[in-house]
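Work through the exercises below with the sequence and the model open. Each task is followed by a solution in steps.

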Amino acid sequence: MKPQLFDSLKGYKKSDLLHDLMAGLMVAIIALPLSIALGLQSVPADVSSRGIQFGVITAIVAGFFISALGGSKHQIGGPTAAFVVILFGYLANPEIGVLGLALAGIMAGVLLILMGISRAGNVMKFFPYPITIGFTTGIGITLLIGQIKDLCGLNAGGVDAIEKVVSYIKNIASFDLATFGVGAIGLLCVIFLPKISKKIPSAFVALIVCTGAALLLNNVAGTNVATIGSKYGEIEAGFFPIDFGGIANVKFSALIVPAIVIAFLCAIESLLSATVASGMTGAPFNANQELIGQGAANICSSLLGGLPATGAIARTAAAIENGAKSPLAGMFHALFVLIMYFALMNVVKYIPLAVFSAILISVAINMSRFPLFIKLTRFGVRDTIILSVTCILTVVFDLTYGVLGGVAVTFIANAKNFKTGLKISKDEQSNLIKVDGTLFFVNANKLTDCMNKELEAADEMTIDMSGIERIDETALEKLLTTNRKANAQGKTVNLINYNENVAKRLEKFGNVL
């Protein structure tokens, strides 16, 4: 195994360098406001006043090493919304705090590297699709709830979602109309500007517009719209290496679960992002090398004052849409964020907090994928229960409970499928693959791996599904994703002879994706 960067630079041209530079710049413009917003929301103000620095340092350090050492050609890494909720809880926990989280990030990095070396990236392919959608929707809902405070200027508190909702209700009288107005302007920018053109850096535009609105309201109308400066004072740009001075007081037993959760979430999110990038471009990725790169990036980020990081789907997609040709685009993005970090921190203090809530509300809505969640519930009672249990437990408790609950329900619901199994046979003369049994999350990769292998040597293949009795959402997602990847490469996959039940599910899922 070796980083994708080395292979990508073979035959690299000057024109590719220009594309990577421009893609890196555009992604950096998107990443800076997101990194500030994610840093502020991940770090409780009473724990540290360096939330902004945490977020931006993560984008710089982790963003650079994820691209430089990862296994994906187009992956862009940094702080992501998926981590906000769990990191806030860990930092608020007196047994963990800033030093504890940094150590947990290092431990998670080591775990990720070990996972990559042991080729656990192949095992991650078996993760059930409904659970992935369930916990991402749950995290999105929790993140959405967390933004109401700054969007409305409420004097409220709370750590988990339920506590926050109760606090909002109790403190509704502290609602500030001016703050909400500024936040609403920001929300309109981030929601509607992309509809005009996806190339418009809507979050960056929202920062400028809302900062102007807040300055006008505070200095002319005499309002008190909270800004970064009014809450955090002057912002010092720099790196803040981990201070091991208090390590003797760290309770390492309290860091085991956070380290495992961070490593697990990083693995899932990064491989999901890399899969999306591969589907958009047709370029393959090495899942195990990606885990090694993610691990190294998280260790470096934690050592230099950053947060845990992973591949970011939206930023990765933006890089591809702006012409990225290699991992250099992600590395350039990190360097551009570094330049902006030291050049712009003097003016950041004027930005209203409400605009960051507006940005993250947009992120939370996109992350939650409510239309997809609702459509997936139409596939039957079993899938609905798995989705709902995972989502509800994630919102009410946390990601750990959500995933464990979802996995438990998934195994119980698929007890019958384990007995059936899957048989694959191939007719060499006709390039026909015959499959028999049940296609579900445990064996779906067996078929898609076979398809990918055959498509390396052929431009067309046929899958005879007359022997398939049942198919679940995970198998549907993998089958249709493989089909679309083949289409992106100019190749054709024909699915034939499936029964009426499978036909309905293929049609429904095709419409969902």
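Two strands count as paired if DSSP finds at least two bridges between them. The model used here is predicted.

**Exercise 1. The sheet**

Task: Find the order of the strands in the open sheet of 4 strands, and state which are the edge strands.

Solution.
Step 1. The strands follow the order E3-E4-E5-E6, and the pairing is mixed.
Step 2. Strand E3 (422–427) and strand E6 (492–496) pair on one side only, which makes them the edge strands.
Step 3. From one strand to the next, the twist averages 20 degrees.

**Exercise 2. One pair of strands**

Task: How many bridges join strand E4 to strand E5, and which residue in E5 is the bridge partner of Ile 433?

Solution.
Step 1. Strands of a sheet pair through backbone hydrogen bonds, in either a parallel or an antiparallel way.
Step 2. Strand E4 covers residues 432–439 and strand E5 covers residues 460–471; the two run parallel and are joined by 7 bridges.
Step 3. Ile 433 has Ile 463 in E5 as its bridge partner.
Step 4. Helix H21 (residues 444–455) lies across E3, E4, E5 and E6, at about 170 degrees to E4.

**Exercise 3. A residue of strand E5**

Task: Is Ile 468 buried or exposed, and which residues is Ile 468 in contact with beyond its neighbours within four places in sequence?

Solution.
Step 1. Ile 468 belongs to strand E5.
Step 2. The relative accessible area of Ile 468 is 1%. Buried means under 20%, so Ile 468 is buried.
Step 3. With neighbours within four places in sequence left aside, the contacts of Ile 468 are Leu 422, Val 435, Asp 436, Gly 437, Leu 439, Asn 499 and Val 502.
Step 4. One of these, Leu 439, is 29 residues from Ile 468 in sequence, while the C-alpha to C-alpha distance is 7.0 Å.

**Exercise 4. Two arginines with positive phi**

Task: Where do Arg 119 and Arg 369 lie?

Solution.
Step 1. Arg 119 is not a glycine, yet has a positive phi of about 60 degrees. Arg 119 sits in the loop between helix H5 (97–117) and helix H6 (129–146).
Step 2. Arg 369, also not a glycine, has a positive phi of about 50 degrees. The loop that holds Arg 369 is between helix H16 (353–368) and helix H17 (370–376).
Step 3. Arg 119 has a relative accessible area of 45% and is partly exposed. Arg 369, at 37%, is partly exposed.

**Exercise 5. Pockets and cavities**

Task: What are the volumes of the largest pocket and the largest cavity, and which classes of residue line them?

Solution.
Step 1. The volume of the largest pocket is about 1900 Å³. Its lining has 47 residues, with Ile 313, Ala 314, Arg 315, Ala 317 and Asn 366 nearest the centre.
Step 2. By class, this pocket lining has 27 nonpolar, 11 polar and 9 charged residues.
Step 3. A search of the whole structure gives 2 cavities of 30 Å³ or more. The largest cavity has a volume of about 50 Å³.
Step 4. Lining residues of the largest cavity include Pro 128, Arg 382, Phe 441 and Asp 472. Helix H18 (residues 381–396) gives the largest share, 3 residues.
Step 5. The lining of the largest cavity has 4 nonpolar, 3 polar and 3 charged residues.

Methods. Residues numbered from 1 in each chain as written. Predicted model: local features only at pLDDT ≥ 70, side-chain atom pairs only at ≥ 80, totals over all residues. Heavy atoms only, no water. Axes fitted to C-alpha atoms, helices over the stretch in contact; angles between N-to-C directions. Contact = heavy atoms within 4.5 Å. Buried < 20%, exposed > 50% of the residue type's maximum accessible area, 1.4 Å probe, protein only. 1 Å grid on protein atoms, 1.4 Å probe; cavity = no way out; pocket = protein on both sides within 12 Å on 5 of 7 lines; lining within 4 Å. Points joined across faces, edges and corners; volume = space filled by probe spheres on them. Nonpolar A, V, L, I, M, F, W, Y, C, P; charged D, E, K, R; others polar.
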